[in-house]
Amino acid sequence: MSPATAKRLPVRQGEGHWTAGELADVRDRLELEMTALRSEIAAAESQIAERMNDVTEGAGDDQADAGAKTFEREHEMALTYNARDLLAQNERAVDRIGQGTYGVCESCGQPIGKARLQAFPRATLCVICKQREERR
């Protein structure tokens, strides 16, 4: 991203403009996490598929064993779903950086804040809108 584009991104009053280096750091962090999440998802999906295809797994299990295995499988599926959600959030943040809309609150249109985005680069809401959402 060019220095001119980085400076055009919104910031809260009292914050300095984004520099190309700061924005590159955020983007690199997001992309590094996306790579890790893709690996995690692939490994989990492979493990789930193996368990689903193993027709002998669970043969002869009592109800407690079957229940424990079902719980483990559902837990793995929930973790995989969560990783997919985080991946989508990261991809969306990278897209917003590319489009020049990074840092704009999706609810009120005000700046999210550079400090908030550096701490939580996937943020799509300013602090006030996020607090309002959590109260609901």
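## Cysteines without disulfides

In this predicted model, the sulfur of cysteine 129 has its closest cysteine sulfur in cysteine 126, at 3.6 Å, which is too far for a bond. A similar reading applies to cysteine 108, whose sulfur lies 3.7 Å from that of cysteine 105, the closest cysteine sulfur, and this too is too far for a bond. Since a disulfide requires the two sulfur atoms to be within 2.5 Å, the count of disulfides comes to 0.

What is the exposure of cysteine 129, and what is that of cysteine 108? Cysteine 129 is buried, with a relative accessible area of 6%, whereas cysteine 108 counts as partly exposed, at 37% relative accessibility.

## The annotated region

The cysteines discussed above bring up a stretch of the chain that carries an annotation: according to UniProt, in an unreviewed entry, residues 105–129 are covered by "zinc finger region: dksA C4-type". In the model, the chain over residues 105–129 is 36% helix and 0% strand, and the C-alpha atoms at the two ends of this stretch are 8 Å apart.

## Salt bridges between helices H2 and H3

How many salt bridges does a search of the whole structure find? The search finds 8, and one of them pairs glutamate 91 with arginine 38, with 3.0 Å between the closest N and O atoms. Because glutamate 91 belongs to helix H3 (residues 63–99) and arginine 38 to helix H2 (residues 20–53), this pair ties together parts that are 53 residues apart in sequence. Glutamate 91 counts as partly exposed, at 31% relative accessibility, and arginine 38 is likewise partly exposed, at 39%.

Glutamate 45 and arginine 84 also meet through their side chains in a salt bridge, with an N to O distance of 2.1 Å. Here glutamate 45 lies in helix H2 and arginine 84 in helix H3, so the pair ties together parts that are 39 residues apart in sequence. Glutamate 45 is partly exposed, with a relative accessible area of 34%, and arginine 84 is partly exposed as well, with 40%.

## A salt-bridge network beyond H3

A further salt bridge joins arginine 92 to glutamate 106, the closest N and O atoms being 2.4 Å apart. This pair links distant parts of the chain, 14 residues apart, with arginine 92 in helix H3 and glutamate 106 in the loop between H3 and helix H4 (114–119). Through salt bridges that share partners, Arg92, Arg96 and Glu106 are joined into one network.

Are arginine 92 and glutamate 106 buried or partly exposed? Arginine 92 is partly exposed, with a relative accessible area of 42%, and glutamate 106 is also partly exposed, with 38%.

## Two positions in helix H3

Asparagine 90 has its place in helix H3 and is buried, with a relative accessible area of 0%. The side chain of asparagine 90 makes a polar contact with the side chain of arginine 122, at 3.4 Å. When neighbours within four places in sequence are left aside, asparagine 90 is in contact with Leu30, Glu33, Met34, Leu37 and Arg122.

Methionine 77 lies in helix H3 too, but this residue counts as partly exposed, at 41% relative accessibility. From methionine 77 to glycine 98 there are 21 residues in sequence, and in space the two are 32 Å apart, C-alpha to C-alpha.

## The largest nonpolar core

Which residues touch the most other members of the largest nonpolar core? The core holds 23 residues, and among these it is Trp18, Leu23 and Tyr102 that touch the most other members. Helices H2 and H3 each supply at least two residues of this core, and H2 gives the most, with 6 residues.

Tryptophan 18 can be followed in more detail through its contacts, leaving aside neighbours within four places in sequence. These contacts include Leu23 and Tyr102, which are named together with Trp18 as the residues touching the most other core members. Also in contact with tryptophan 18 are Ala6, Lys7, Leu9, Pro10 and Val11, together with Val26, Lys114, Leu117 and Gln118.

Terms used: Residues are numbered from 1 along each chain as its sequence is written. This is a predicted model: local features need pLDDT of at least 70, side-chain atom pairs count only at pLDDT 80 or more; totals for chains, interfaces and linings use all residues. Side-chain values use heavy atoms; hydrogens and water are left out. A salt bridge is a side-chain nitrogen of Lys or Arg within 4 Å of a carboxyl oxygen of Asp or Glu. Helices (H or I, at least four residues) and strands (E, at least two) are DSSP runs, numbered from the N terminus. Buried means under 20% relative accessible area, exposed over 50%, partly exposed in between (1.4 Å probe, protein chains only). A polar contact is a pair of N or O atoms within 3.5 Å; within protein, one must be able to donate a hydrogen and the other to accept it, and residues adjacent in sequence count only if both atoms are side-chain atoms. Contact means heavy atoms within 4.5 Å. A nonpolar core is a set of buried Ala, Val, Leu, Ile, Met, Phe, Trp, Tyr and Cys residues joined through side-chain atoms within 4.5 Å. UniProt positions are given in the numbering used here, feature names are shortened, and annotations may be inferred rather than shown by experiment.
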